[in-house]
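Student: I would like to go through this model with you and ask, for each label, what justifies it. Could we begin with the charged pairs across the interface?

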Amino acid sequence: MAKKLNIKDKYRLLTRDLDWEFSYVDRKDAFPFEEFEGIKITDWSKWEDPFRLTMDSYWKYQAEKEKKLYAIFDAFSQNNGHLNVSDPRYVNALKLFLTGVSPLEYQAYQGFAHVGRQFGGVGARVACQMQAIDELRHVQTQIHAMSHYNKFFDGFQDYSHMHDRVWYLSVPKSFFNDARAAGPFEFMVAIGFSFEYVLTNLLFVPFMSGAAHNGDMATVTFGFSAQSDEARHMTLGLEVIKFLLEQHEDNVPIVQKWIDKWFWRGTRLLTIVAMMMDYMLPNKVMSWKEAWEVYFEEAGGSLFKDLARYGIKMPKYAETIEKEKEHVSHQAWWIFYTHGHAAGFHTWIPSDEELDWLSEKYPDTFDKYYRPRWELAKEMEAKGERFYTKALPQLCTTCQIPMGFTEMDDPTQVCYRDSVYNGDRYHFCSDGCKDIFDDEPEKYVQSWLPVHQIFQGNCGGPDVENVLSDFYRMNLGEDNMDMKGSPDEKRWKQWKGVA
Amino acid sequence: MTIEIKTATLEPVRNTYAHIERRFGDKPATRYQEATYDVQSEKYFHYRPLWQPEKELNDPSRTAIKMKDWYDFKDPRQFYYGAYVQQRAKMQEVAENNYAFFEKRNLMACLPDGMEAKIIKYLIPLRHLEQGANLNNMYACSYGYGTAITQACLYNGMDRLGIAQYLSRIGLIIDGNTGDSLAEAKQAWMNDAIWQGIRAAVEKMIITEDWFEVLVAQDVVLDCLMHELFYVQFDQWLQDNGAQDIGMLTEFMQVWAKDNNRWIDATLKIAAAESAENKALLETWVSDWKQVISEALSPLAVEMLGSDALALAESALDKRLMKAGLFK
């Protein structure tokens with residue numbers, strides 16, 4: 001009798017061995033996108049399965065998780081769990097999450113489904129398919145987790161419509177559009193590696209920890225439930241990078257270029273997390289600066305040490321980013337505060353205690369550059385002159401964030417870069433964003449820049465108010481403006497029985 | 001008597017998300033509705049895909065089928081992720097018990113002589129066909145439009161991987177976990193003359209461009225004919241020849257087909273009812289693929305079941321097509 005199989009071989013038979021060599025059509029017609037990016041795959045069989053999960057186990061484990069999760073959702077809404085959050089301001093972080101992040105889970109589902117069909121290697125394909133269905137899980141469970149909040153707070157109700165149109169939501173939307181529009185290998189480096197592996201602790205985790213610290217049982221339970229999925233996604237991201245680097249030495253510079261690009265793109269996207277952590281959470285988890293130091297500088301640093309043996313270097317502009325951690329959250333919340341009439345969530349001036357916390361966490365920058373602004377805002381508000389800017393911001397062509405970031409060595413000077421392509425001048429917030437454009441201008445000239453679109457008359461009008469109410473479908477006076485005096489705040493006071 | 005626990009009642013500001021309210025009115029929505037309708041991005045994409053610059057990232061024109069509203073494709077099972085995995089988990093629990101019982105009682109040893117060879121030759125090669133079905137449904141999922149139909153294609157694609165794995169386990173039970181029977185079945189799939197027609201048809205399907213056509217070819221035509229031949233007629237043959245215990249190992253596929261047909265039949269019906277153009281297109285695709293697949297399956301059906309088998313399977317397909325509103 002022949003030798004029995006070990007687990008690894010058994011899993012191989014249950015997945016990899018299902019594939020076969022085509023005889024009747026050209027295999028390249030079945031998997032047509034494997035070559036155009038210049039990546040060389042010499043042998044798909046060298047792919048190491050990052051996790052060995054057969055479908056029967058998948059259904060079983062995931063169903064157990066879903067059952068528990070939905071039991072909590074039911075209990076949460078039955079008992080009006082929203083009343084237990086630390087402070088109604090907290091709910092605005094959830095609005096940002098549902099309008100800005102959950103639709104990205106959907107795009108991740110679509111992107112992984114695409115590569116889960118297009119990769120010629122069955123091992124990689126199956127792993128990507130499992131991530132696709134996980135990502136669908138995440139967007140749907142997030143919609144269900146927020147469903148109860150939507151019944152009691154403003155700003156959640158049109159998240160999908162808003163994600164396609166609203167000025168600041170084009171930042172996350174274009175990020176994922178960029179990755180999905182790329183070839184399959186760039187998508188995997190962008191999302192599987194840079195996003196899911198390197199940066200997930202700075203996106204997913206802060207929102208979930210924020211929920212834990214602020215009494216949000218629905219969201220934090222989702223977070224715990226998704227943790228084991230995320231762990232699988234991280235191992236896939238790491239396997240992809242190692243596989244590409246081991247397949248052919250010509251892949252190394254291509255992968256390095258993608259890491260540089262997606263690392264920069266990712267840190268720009270994380271600006272919203274920075275601001276959420278430092279300004280929107282009534283009970284703080286840690287400062288953005290601390291999170292960056294723990295999760296990128298320490299964890300990421302040791303990862304790139306590991307990758308050095310393949311010839312991979314730290315991402316370009318890592319030094320600039322190290323300086324940015326002192327500034328971006330303050331600069332971003334100021335942009336939202338001053339554009340609070342055009343935001344789909346409420347903004348506010350930090351309380352005195354919060355200002356002191358920021359001074360303590362950012363001893364080198366906050367008192368010097370940012371606290372004076374808030375002191376001025378407080379004075380104006382006290383006089384009944386809460387400040388809203390009348391102007392629409394100029395956007396960076398690449399990351400689409402308003403051009404409000406400064407030179408990191410001179411925080412009083414806004415950073416401007418530009419490039420000319422086919423006779424038109426394009427503007428950027430940073431060297432990183434300019435580099436990305438210069439490498440693929442034909443891609444980025446297509447950007448649907450919300451402010452340009454408004455000025456071109458493609459978003460209704462004529463006034464900004466019309467754009468907000470008709471094109472974005474914001475309920476003006478309810479979804480937008482300051483937290484003070486908002487219907488959210490009034491209802492909260494009623495529920496809590498305070499004047 | 002009922003008991004009533006007093007809870008604080010707070011009046012909600014709204015019952016559901018605004019896009020759900022626009023579709024179904026201001027009332028509490030189901031989890032399927034909130035998880036499905038209008039979740040996919042519709043407009044204002046930033047960049048054309050490098051791999052298909054003539055299309056948008058999400059683009060309804062990847063098929064010739066036209067729908068005014070792609071969310072008409074309501075899944076009668078109302079599967080969103082949570083409902084889907086919980087339903088499949090129940091099915092796998094039954095399957096797990098069946099497989100465990102089959103192995104514990106060593107039921108393979110009770111099969112009549114020569115039966116194992118027939119199973120290896122006729123049943124186990126289907127694991128490759130299921131792998132093709134996985135690719136085809138993932139294709140429809142990734143090129144399709146709207147959450148309603150694409151999520152159902154994804155569930156189908158994952159189901160097919162699961163079925164391929166159950167079929168492989170039947171082989172591993174036969175060969176005592178050596179993998180020899182899987183190798184033998186793969187040889188049949190690759191080289192045996194009776195399998196070459198259907199392998200060629202599957203390969204052709206995999207490179208077909210229109211995703212809705214792929215769905216019709218795979219989930220409507222091939223799946224129906226295959227199910228009738230293997231899980232109805234061959235299953236009956238096994239029963240008639242003392243191998244009814246194999247039914248314990250294919251029960252999952254039997255239950256699955258019933259469940260899946262509810263969805264694919266509804267999908268076909270909705271697409272056909274939308275317009276005369278859709279109906280004509282679907283009829284063309286069905287006719288073309290029925291011819292290709294029937295011809296391909298013919299030598300296999302004749303050898304496995306005799307000369308009437310394929311005609312029987314085809315009439316089952318025709319009945320379902322009629323019910324979906326085609327060819328009338």
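Tutor: Keeping in mind that the model is predicted, we can start from the count between chain A and chain B, which is 6 salt bridges.

Student: What makes the pair Arg22(B) and Asp158(A) a salt bridge?

Tutor: The side chains of Arg22(B) and Asp158(A) meet at 2.8 Å, N to O, and the rule asks for a side-chain nitrogen of Lys or Arg within 4 Å of a carboxyl oxygen of Asp or Glu, so the pair qualifies. Beyond the salt bridges, the rule for polar contacts finds 56 residue pairs across the interface of chain A and chain B, with both residues at pLDDT 80 or more.

Student: Which element of chain A gives the most to the side that touches chain B?

Tutor: Helix 6 of chain A, residues 122–152, gives the most, with 19 residues. By class, the side of chain A that touches chain B divides into 44 nonpolar, 25 polar and 30 charged residues.

Student: How do you know how much area chain A and chain B bury between them?

Tutor: The size of an interface is often given as the accessible area lost when the parts come together. For chain A and chain B the value is about 8200 Å², with 60% of it on carbon and sulfur atoms. Of the area that chain A buries against chain B, Leu18(A), Trp20(A) and Trp59(A) supply 11%, more than any other three residues. Counted by contact instead, 99 residues of chain A meet 86 residues of chain B.

Student: Why is the space lined by Gln110(A), His114(A), Arg180(A), Trp51(B) and Ser142(B) called a cavity?

Tutor: The word is used because a 1.4 Å probe fits at its points but cannot get out. By this rule there are 12 cavities of 30 Å³ or more, and the largest cavity holds about 180 Å³ of space. Of the 22 residues that line the largest cavity, the five you name are the closest to its centre. Two or more lining residues come from each of helix 5 (102–118), helix 8 (170–181) and helix 9 (184–198) of chain A, and from helix 5 (126–143) of chain B. The largest share, 6 residues, is from helix 5 of chain A, and the lining as a whole has 11 nonpolar, 9 polar and 2 charged residues.

Student: What makes the largest pocket a pocket instead?

Tutor: A pocket is an open set of points, so the probe is not shut in as it is in a cavity. The largest pocket contains about 560 Å³ of space, and of its 26 lining residues Glu21(A), Arg27(A), Trp44(A), Gly120(A) and Gly121(A) are the closest to its centre. Helix 6 of chain A gives the largest share of the lining, 3 residues, and the lining divides into 10 nonpolar, 5 polar and 11 charged residues.

Student: What makes Asn422(A) and the bond from Gly461(A) to Pro462(A) worth a remark?

Tutor: Most residues other than glycine have a negative phi, and most peptide bonds are trans. Asn422(A), which is not a glycine, has a positive phi of about 50 degrees, and Asn422(A) lies in the loop between strand 3 (417–421) and strand 4 (424–428) of chain A. The bond from Gly461(A) to Pro462(A) is cis, with omega near 15 degrees, and Pro462(A) lies in the loop between helix 21 (450–455) and helix 22 (464–471) of chain A.

Technical notes:
Residues are numbered from 1 along each chain as its sequence is written. Chains are lettered from A and ligands numbered from 1 in the order in which they are written. This is a predicted model: local features need pLDDT of at least 70, side-chain atom pairs count only at pLDDT 80 or more; totals for chains, interfaces and linings use all residues. Side-chain values use heavy atoms; hydrogens and water are left out. Contact means heavy atoms within 4.5 Å. Buried area is the accessible area (1.4 Å probe) that two parts lose on being put together, summed over both. A polar contact is a pair of N or O atoms within 3.5 Å; within protein, one must be able to donate a hydrogen and the other to accept it, and residues adjacent in sequence count only if both atoms are side-chain atoms. Helices (H or I, at least four residues) and strands (E, at least two) are DSSP runs, numbered from the N terminus. Ala, Val, Leu, Ile, Met, Phe, Trp, Tyr, Cys and Pro count as nonpolar, Asp, Glu, Lys and Arg as charged, and the others, Gly among them, as polar. On a 1 Å grid over the protein atoms alone, a cavity is a set of points where a 1.4 Å probe fits but cannot get out, and a pocket is an open set with protein on both sides within 12 Å along at least five of seven lines; lining residues have an atom within 4 Å of a point. Grid points are joined across faces, edges and corners, and a volume is the space filled by probe spheres set on the points.
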